[in-house]
Amino acid sequence: MRRTSLLALAIAIAFAAGALGCCGGVAAADAVAESCNSIRDFVDVSFCEARLGSVPGAAAADRHGHLLMAADLATASGASAGDAATAAAARGATDPAARDALRACGFLYGAASVPALRLLRGYAAARAWGAARALLLLTGTAGIGCDAALAGTAAAGGIAAANREFDQLSAMATALLNVVD
């Protein structure tokens with residue numbers, strides 16, 4: 001009889017913990033950590049966990065959901081970086097080389113990386129992996145091309161942080177695409 005009582009007590013405690021929401025966050029938080037750890041060779045894990053963890057629903061999402069979230073984050077970051085570059089060029093950078101570089105950055109974000117990420121996300125949502133992977137070359141083009149265009153210009157510092165953020169988010173989306181099932 002004692003064994004039955006202990007078993008009943010253990011079941012009651014487990015039920016109460018679940019009903020109160022105890023400990024559920026640990027398993028959910030582990031989903032984000034697991035996705036980020038799966039791509040640790042390509043991204044900074046703490047950056048990945050912080051950015052994915054900030055998205056509503058990320059704690060309960062699987063790796064496929066994290067891929068879609070990373071693509072959304074990268075798309076928003078790329079659009080913002082492209083807008084910033086275009087605005088800086090329009091404000092009239094005094095150095096013609098800097099102005100041209102900023103225009104090139106805006107173009108690369110607006111014509112290559114951001115549309116490619118939007119398409120990649122759509123294909124990934126439909127689990128059309130081949131079509132999504134065919135876009136990988138274009139997704140990071142803006143970050144790489146913008147860094148190259150701005151190298152040595154006075155405008156390089158003004159967009160460097162936005163470019164770096166985009167590069168990291170684009171790498172997250174790319175890496176997650178390559179490890180999703």
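Let's start where two helices meet: α5 passes α9 in a left-handed crossing. The two pack at an angle of about 30 degrees, and their axes lie 12 Å apart. On the α5 side the contact is made by Tyr109, Ser113, Leu117 and Leu120, while α9 brings in Ala162, Asn163, Phe166, Ala173 and Leu177. Sorted by class, that contact has seven nonpolar residues, two polar ones and no charged ones. Keep in mind that this is a predicted model.

Stepping back for the overall picture, the protein has nine helices and zero strands, so reading from the N terminus simply gives α-α-α-α-α-α-α-α-α. Of the 181 residues, 37% are buried. Take the contacts between residues at least 6 apart in sequence, and 70% of them join residues at least 24 apart.

Now for α9 itself, which covers residues 156–179. With 24 residues at 1.5 Å each, α9 should span 34 Å, and its end C-alpha atoms are 33 Å apart, which agrees. There is a bend along the way, about 30 degrees at alanine 162. Alanine 162 is also one of the α9 residues that meet α5. Quite a few α9 residues are buried, among them Ile159, Asn163, Phe166, Ser170 and Met172, as well as Ala173, Ala175, Leu176 and Leu177.

What about the other helices? Three residues are worth a look, along with one from a loop. Here is how they compare for accessibility.

| Residue | Relative accessible area | State |
|---|---|---|
| Leucine 67 | 0% | buried |
| Serine 35 | 1% | buried |
| Histidine 64 | 10% | buried |
| Arginine 127 | 41% | partly exposed |

Leucine 67 sits in helix α4. Which residues does leucine 67 touch, not counting residues up to four places away in sequence? The list is Ala124, Trp129, Ala173, Leu176, Leu177 and Val180. Among these, Ala173, Leu176 and Leu177 are buried residues of α9, and Ala173 and Leu177 also take part in the contact with α5. Leucine 67 can be paired with alanine 175 too: the two are 108 residues apart in sequence, yet 8.6 Å apart in space, C-alpha to C-alpha.

Histidine 64 belongs to helix α4 as well, which runs over residues 63–90. Leaving aside its neighbours within four places in sequence, histidine 64 is in contact with Ala124, Ala125, Arg127, Trp129 and Val180. Ala124, Trp129 and Val180 turn up among the residues touched by leucine 67, too.

One of those partners, arginine 127, is found in the loop between α5 and α6 (129–133). Its backbone stands out a little: phi of arginine 127 is near 60 degrees, a positive value in a residue other than glycine. For context, most residues other than glycine have a negative phi.

That leaves serine 35, in helix α2 (residues 24–37). Is serine 35 buried or exposed? At 1% relative accessibility it falls under the 20% cut-off, so serine 35 counts as buried. Beyond its neighbours within four places in sequence, serine 35 is in contact with Arg63, His66 and Leu176. Leu176 is a buried residue of α9 and is touched by leucine 67 of α4 as well.

Terms used:
Residues numbered from 1 in each chain as written. Predicted model: local features only at pLDDT ≥ 70, side-chain atom pairs only at ≥ 80, totals over all residues. Heavy atoms only, no water. Helix = DSSP H or I, 4+ residues; strand = E, 2+ residues; numbered from the N terminus. Expected span 1.5 Å × (residues − 1). Bend = angle between axes of the 7 residues up to and from the residue. Buried < 20%, exposed > 50% of the residue type's maximum accessible area, 1.4 Å probe, protein only. Contact = heavy atoms within 4.5 Å. Axes fitted to C-alpha atoms, helices over the stretch in contact; angles between N-to-C directions. Left-handed = near helix turned anticlockwise from the far one by under 90°. Nonpolar A, V, L, I, M, F, W, Y, C, P; charged D, E, K, R; others polar.
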